[in-house]
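Q: I'd like a close look at one part of this structure, please. Pick a single spot and walk me through what surrounds it, in plain words.

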Amino acid sequence: MNDDTEENRPRYEKGLPGYHDFLGRVTGAPPALSALTLRLWLAGFGMLFCLVSGALLVGYLPPLAWFGWLLIALGVIAVIDFAWVAHRKRRGEPG
């Protein structure tokens, strides 16, 4: 089943309340909508910060190269998160 079909677009544009909130039904909290724009900005900042800082540490401070590689790994994770959130926004989810 393809979730990106035109039949599903109005459903995505309306929002998918509470699908990510597992405790919402237990606690009685109202359904929440994801703040995708905020997540996109945070993932972009984390991506740039981690990749640039990691490259600088690896290149200019060899004793801290291990920390630089850790930052680069976190930057790659941020790239994946950025791509996924951008996909969700392009699909039409609000936020």
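A: Val79 touches Met47 and Leu51, leaving out residues up to four places away in sequence; touching, or contact, means heavy atoms within 4.5 Å. Keep in mind that this is a predicted model, where local features need pLDDT of at least 70 and side-chain atom pairs count only at pLDDT 80 or more, while totals for chains, interfaces and linings use all residues. Residues are numbered from 1 along each chain as its sequence is written, and side-chain values use heavy atoms, with hydrogens and water left out.

Val79 sits in helix 4. Helices are DSSP runs of H or I with at least four residues, strands are runs of E with at least two, and both are numbered from the N terminus. With a relative accessible area of 36%, Val79 is partly exposed. On that scale, buried is under 20%, exposed is over 50% and partly exposed is in between, using a 1.4 Å probe and protein chains only. Another residue to look at is Gly46: its C-alpha atom is 8.7 Å from that of Val79, although 33 residues separate the two along the chain.

Now follow helix 4 itself, which covers residues 65-91. At 1.5 Å a residue, its 27 residues should span 39 Å, and the end C-alpha atoms are indeed 39 Å apart; the expected span is 1.5 Å times one less than the number of residues. The buried residues of helix 4 include Gly75, Ala78 and Val85. Right after helix 4 comes Gly92, with a positive phi near 115°.

What does helix 4 lie against? The buried residues of helix 3 pack against helix 4. Among those buried residues are Leu36, Leu40, Gly46 and Met47, and you've already met Met47 as a contact of Val79. Helix 3 has 25 residues, which should span 36 Å at 1.5 Å a residue, and its end C-alpha atoms are 35 Å apart, which agrees.

So how do you describe the way two helices pack? You give the angle between their axes and the distance between the axes. For helix 3 and helix 4, the angle is about 155° and the axes are 7 Å apart. That makes helix 3 roughly antiparallel to helix 4. The axes are lines fitted to C-alpha atoms, for helices over the stretch in contact, with angles from 0 to 180 degrees between N-to-C directions. Under 35 degrees counts as roughly parallel, over 145 as roughly antiparallel, 65 to 115 as roughly perpendicular and the rest as oblique. The crossing of these two helices is left-handed: the near helix is turned anticlockwise from the far one by less than a right angle, while clockwise would be right-handed.

Side chains link the pair too. Asp81 and Arg39 meet in a salt bridge, with 3.0 Å from N to O. Asp81 belongs to helix 4 and Arg39 to helix 3, so this pair, 42 residues apart, links distant parts of the chain. Asp81 is partly exposed at 28% relative accessibility, and Arg39 is partly exposed at 30%. The rule here is a side-chain nitrogen of Lys or Arg within 4 Å of a carboxyl oxygen of Asp or Glu, and by it the count is one salt bridge.

Further along helix 4 you reach Lys89, partly exposed at 30% relative accessibility. Beyond its neighbours within four places in sequence, Lys89 is in contact with Leu36, Thr37, Leu40 and Gly95. The C-alpha atoms of Lys89 and Leu36 are 6.9 Å apart, with their positions 53 residues apart in the chain. Gly95 also turns up beside Leu38: the two are 57 residues apart in sequence but 8.1 Å apart in space, C-alpha to C-alpha. Leu38, in helix 3, counts as exposed at 51% relative accessibility.

Zooming out, the chain has four helices and zero strands. Of its 95 residues, 29% count as buried. Among contacts between residues at least 6 apart in sequence, 61% join residues at least 24 apart.
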